[in-house]
Amino acid sequence: MIKRVEHIGIAVTDIDQSNQLFESLLGIQQYKIEEVESESVKTSFIDANNTKIELVQATSEESPIAKFIAKRGEGIHHVAFEVEDIEAKMAELKEKGFRLLNDKPKQGADNKLVCFLHPKDTNGVLVELCMSVWE
Ligand code: CO
């Protein structure tokens, strides 16, 4: 079951500058900056009450975020839906013909297990499924 839009991921080139921008825009400070080495990204989370904003900056040229920005510029990168049981949801979606970008849930930022879906199957939107593993 889908619980809510957990966060919206935004690709940025300068995370410090974007933190300031969002603080100025929302009046809310980021609560966590975290590097995810497996994805070559640095992330920052802003809790906008009902959902979150995840700012994502590449830490290497090989990062999917660097490639995304080179192609499309900064902007909305993914929408993350929180699910109750990520393995069950992945199996259900696979059965329905959605392509999963990882076969097993992987460890994402902010204490989550995550899985991405192929954007060609979802109207060009990169969809992330996420499930909290530790609060
Ligand atoms: Co995300």
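The lining of the largest pocket in this predicted model is a mixed bag: 16 of its residues are nonpolar, 9 are polar and 9 are charged. That makes for a lining of 34 residues around a space of about 840 Å³. Pro64, Ile65, His77, Phe116 and Leu126 are the ones that lie nearest the centre of the pocket.

Several parts of the chain chip in here. Helix H2 (64-72) supplies at least two residues of the lining, and so does each of the strands S3 (41-48), S4 (51-58), S5 (75-83), S6 (106-108) and S7 (112-116). Of the contributors, H2 gives the most, with 6 residues.

Then there is the metal. A cobalt ion is held by four side chains, with His7 and His78 each offering NE2, and Glu54 and Glu128 each offering OE. The coordinating distances run from 2.1 to 2.2 Å. Along the chain, these donors are spaced as H-x46-E-x23-H-x49-E. His7 sits in strand S1 (residues 2-11) and Glu54 in strand S4, so this pair ties together parts of the chain that are 47 residues apart in sequence. Both His7 and Glu54 are buried.

As for geometry, the angles among the 4 donor atoms of the cobalt ion spread from 85 to 171°, and the site is classed as irregular. A tetrahedral site would need all its angles to lie between 85 and 135 degrees, and the upper end of the spread here is 171°.

Conventions
Residues numbered from 1 in each chain as written. Predicted model: local features only at pLDDT ≥ 70, side-chain atom pairs only at ≥ 80, totals over all residues. Heavy atoms only, no water. 1 Å grid on protein atoms, 1.4 Å probe; cavity = no way out; pocket = protein on both sides within 12 Å on 5 of 7 lines; lining within 4 Å. Points joined across faces, edges and corners; volume = space filled by probe spheres on them. Helix = DSSP H or I, 4+ residues; strand = E, 2+ residues; numbered from the N terminus. Nonpolar A, V, L, I, M, F, W, Y, C, P; charged D, E, K, R; others polar. Donors = N, O, S within 2.8 Å, 3.2 Å for Na, K, Ca; no water. Tetrahedral: all angles 85-135°; square planar, octahedral: opposite > 155°, others 65-115°. Buried < 20%, exposed > 50% of the residue type's maximum accessible area, 1.4 Å probe, protein only.
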